[in-house]
Amino acid sequence: MTRHRFTIGLTAVLVLTLVGTPLLAADAATLYKTKCFACHGEKGNGDTTMGKKLGVRNLGSAAVQGQNDAALTAIITNGKQKMPAYSGKITDADIKALVAHIRTFAAK
């Protein structure tokens, strides 16, 4: 019985170690849709009712894309003007993933 519990426990630790981390961080596109989409819109240009009302910046603009990752991380973490802070609401890994997703809106 003890060996059986040990095997189950060891298996659980291995599974969590091997696949647990990716499961904890949300997919960036999904996270964007749940946290950012209402204001920033599908293409990040702020072309939504709420985005227009709040005057949000186009995430693909040179002004936003010209900021370094640390600056974007700080804005998502701490909020800015009418944008809420996400510190404590999503993980640091999720914030990093959102910054990478914001980079996909850069003008091509």
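**Figure 1. The protein chain has seven helices and zero strands.** This is a predicted model. Along the sequence, the pattern reads α-α-α-α-α-α-α. The protein chain holds 108 residues, and 28% of them are buried. Its exposed area is about 7600 Å². Carbon and sulfur atoms supply 63% of that area. Some contacts span long stretches of sequence: among those between residues at least 6 apart, 44% join residues at least 24 apart.

**Figure 2. The largest pocket has a volume of about 610 Å³.** Its lining is made of 23 residues. Look for His40, Val56, Arg57, Ile75 and Met83, which lie nearest the centre of the pocket. By type, the lining residues split into 15 nonpolar, four polar and four charged.

**Figure 3. Several helices contribute to the lining of the largest pocket.** At least two lining residues come from each of α2 (28-35), α3 (37-40), α6 (69-78) and α7 (92-103). The largest share belongs to α6, with three residues.

**Figure 4. Helix α6 has buried residues and neighbours that cover them.** Leu72, Ile75, Ile76 and Thr77 are buried in this helix. Ile75 is also one of the residues nearest the pocket centre. The cover over the buried residues of α6 includes α5 (62-65) and α7.

**Figure 5. A close look at the ends of α6.** Asn68 caps the N-terminal end of α6. One of its side-chain oxygens lies 3.2 Å from the backbone nitrogen of Ala70. Just after α6 comes Gly79, with a positive phi of about 80°.

Conventions:
Residues numbered from 1 in each chain as written. Predicted model: local features only at pLDDT ≥ 70, side-chain atom pairs only at ≥ 80, totals over all residues. Heavy atoms only, no water. 1 Å grid on protein atoms, 1.4 Å probe; cavity = no way out; pocket = protein on both sides within 12 Å on 5 of 7 lines; lining within 4 Å. Points joined across faces, edges and corners; volume = space filled by probe spheres on them. Helix = DSSP H or I, 4+ residues; strand = E, 2+ residues; numbered from the N terminus. Nonpolar A, V, L, I, M, F, W, Y, C, P; charged D, E, K, R; others polar. Buried < 20%, exposed > 50% of the residue type's maximum accessible area, 1.4 Å probe, protein only. Contact = heavy atoms within 4.5 Å. Polar contact = N/O pair within 3.5 Å; in protein donor to acceptor, adjacent residues only side chain to side chain. Areas by Shrake-Rupley, 256 points an atom, 1.4 Å probe, with all protein chains shown as cover.
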